[in-house]
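Colleague: Please take a close look at the lining of the main pocket in this model. I should then like to see that part set against the rest of the fold.

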Amino acid sequence: MKLKSIMKPMAPTVEAGSYLAVCVGVVFIGEQYIPPFGDKKGRYENRLMFVWDIPSELDENGTPKQLSKAINATSSAKGNLMVILSGWNSRTYTKEELADTEVNDQLGKPCMLSVGVNENGYVNVTAVSAIPKGIPAPVSNTPFIKFDVNEWSDEGFAALPEWVQNRIKESTEYQKLHVPTDPVDVDTSGGQQAGAADSGQAQKEENPI
């Protein structure tokens, strides 16, 4: 029996296609480890995550479904951040302009998302662009999600959705901030009781050979 005969792909949250969306979350989730993939070695990246509402797609509770994308926070001309913000805001950035951009200004801003779904049901936002002229902009009443792991707030962290908290917990910043402080008892006797060690020493002295 091959595993693929019993493994079922997860159901995608949305189908592949294009969707009108509204940005409801901008979260700096910190330095994250990116596992090796293809010819790329494992590495650490500073990751910025956008969260969007899809008002046309509702869940069983009548709440807009959401999509997110975490990208490397770099000003590289070929980086995803440059590509996404340039398409979303319909402008070209220099590296200096991008580095000086207030990314929280994207909160509440509508856009068009291109979405792909792989054979395992994994949904991926493949492109972000401005809404074409003449198309009404979508709106959302979802409270904004905003957090920066470098400006830590216990209250702000507690207010985040659990799935966002879990992403932040994987960061090196979170792990450094939450090093265990409980004392740990360490046995330094080498695993022997003092009496046993003394007895062995006495026996060694009586039997030098």
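**The largest pocket and its surroundings**

Modeller: Strand 3 contributes seven residues to the lining of the largest pocket, the largest share from any element. The model is a predicted one. In this model, the volume of the largest pocket comes to about 1,000 Å³. Its lining consists of 32 residues, and those nearest the centre are Ser68, Ala70, Tyr122, Val123 and Asn124. Strand 3 does not stand alone, for strand 1, strand 2, strand 5 and helix 4 also supply at least two lining residues each. In character the lining is mixed: 16 of its residues are nonpolar, nine are polar and seven are charged.

The wider fold gives this part its setting. Six helices and six strands make up the protein, and from the N terminus their order is β-β-β-α-α-β-β-β-α-α-α-α. Of the contacts with a separation of 6 or more, 56% join residues 24 or more positions apart. The protein has 209 residues, of which 30% are buried. Its exposed surface amounts to about 14,200 Å², with 51% of that area supplied by carbon and sulfur atoms.

From the pocket one may turn to the interior. In soluble globular proteins, nonpolar side chains tend to be buried together. Here the largest nonpolar core comprises 41 residues, and Phe50, Trp52, Trp88, Leu113 and Ile168 have the most contacts inside it. At least two core residues come from each of strand 1 (17-34), strand 2 (43-58), strand 3 (64-72), helix 1 (80-89), strand 4 (110-117), strand 5 (123-129), strand 6 (145-148) and helix 4 (162-169). Strand 1 gives eight residues, the largest share of this core. Strand 3, with the largest share of the pocket lining, is thus also among the elements that supply the core.

Helix 1 deserves attention within that interior. Seven of its 10 residues are buried, which leaves the helix mostly covered. The residues concerned are Leu81, Met82, Ile84, Leu85, Ser86, Trp88 and Asn89. Trp88 is also one of the core residues with the most contacts. The partners against which the buried residues of helix 1 pack are strand 1, strand 2, strand 3, helix 2 (95-99), strand 4 and strand 5.

Immediately after helix 1 comes Ser90, in the loop that leads from helix 1 to helix 2. Most residues other than glycine have a negative phi. Ser90, although not a glycine, has a positive phi of about 55°. Its relative accessible area is 56%, and because exposure begins over 50%, Ser90 counts as exposed.

Helix 1 also leads to the second largest pocket, since at least two residues of that lining come from each of strand 1, helix 1, helix 2 and strand 6. The space in this pocket is about 470 Å³. Among its 19 lining residues, Phe28, Leu48, Thr101, Glu102 and Val103 lie nearest the centre. The lining divides into 11 nonpolar, four polar and four charged residues.

Phe28 connects this second pocket with the loop between strand 6 and helix 3 (154-158), where Asn150 is placed. Beyond its sequence neighbours up to four places away, Asn150 touches Phe28 and Glu173. The C-alpha atom of Asn150 is also 9.0 Å from that of Ile29, although the two residues are 121 apart along the chain. Asn150 has a relative accessibility of 55% and is therefore exposed. Glu151 occupies the loop between strand 6 and helix 3 as well, and its relative accessibility of 61% makes it exposed. Between the C-alpha atoms of Glu151 and Phe28 the distance is 9.8 Å, across a sequence separation of 123 residues.

Strand 1, which serves both linings, finally offers a contrast in Ile34. Ile34 is buried, because its relative accessibility of 17% falls under 20%. Neighbours within four places aside, it is in contact with Lys41, Gly42, Arg43, Glu45 and Arg47. Tyr44 is 10 residues from Ile34 in sequence, and their C-alpha atoms are 5.8 Å apart.

Definitions and conventions: Residues are numbered from 1 along each chain as its sequence is written. This is a predicted model: local features need pLDDT of at least 70, side-chain atom pairs count only at pLDDT 80 or more; totals for chains, interfaces and linings use all residues. Side-chain values use heavy atoms; hydrogens and water are left out. A nonpolar core is a set of buried Ala, Val, Leu, Ile, Met, Phe, Trp, Tyr and Cys residues joined through side-chain atoms within 4.5 Å. Buried means under 20% relative accessible area, exposed over 50%, partly exposed in between (1.4 Å probe, protein chains only). Helices (H or I, at least four residues) and strands (E, at least two) are DSSP runs, numbered from the N terminus. Contact means heavy atoms within 4.5 Å. Accessible areas come from the Shrake-Rupley method with a 1.4 Å probe; for residues, only the protein chains shown count as cover. On a 1 Å grid over the protein atoms alone, a cavity is a set of points where a 1.4 Å probe fits but cannot get out, and a pocket is an open set with protein on both sides within 12 Å along at least five of seven lines; lining residues have an atom within 4 Å of a point. Grid points are joined across faces, edges and corners, and a volume is the space filled by probe spheres set on the points. Ala, Val, Leu, Ile, Met, Phe, Trp, Tyr, Cys and Pro count as nonpolar, Asp, Glu, Lys and Arg as charged, and the others, Gly among them, as polar.
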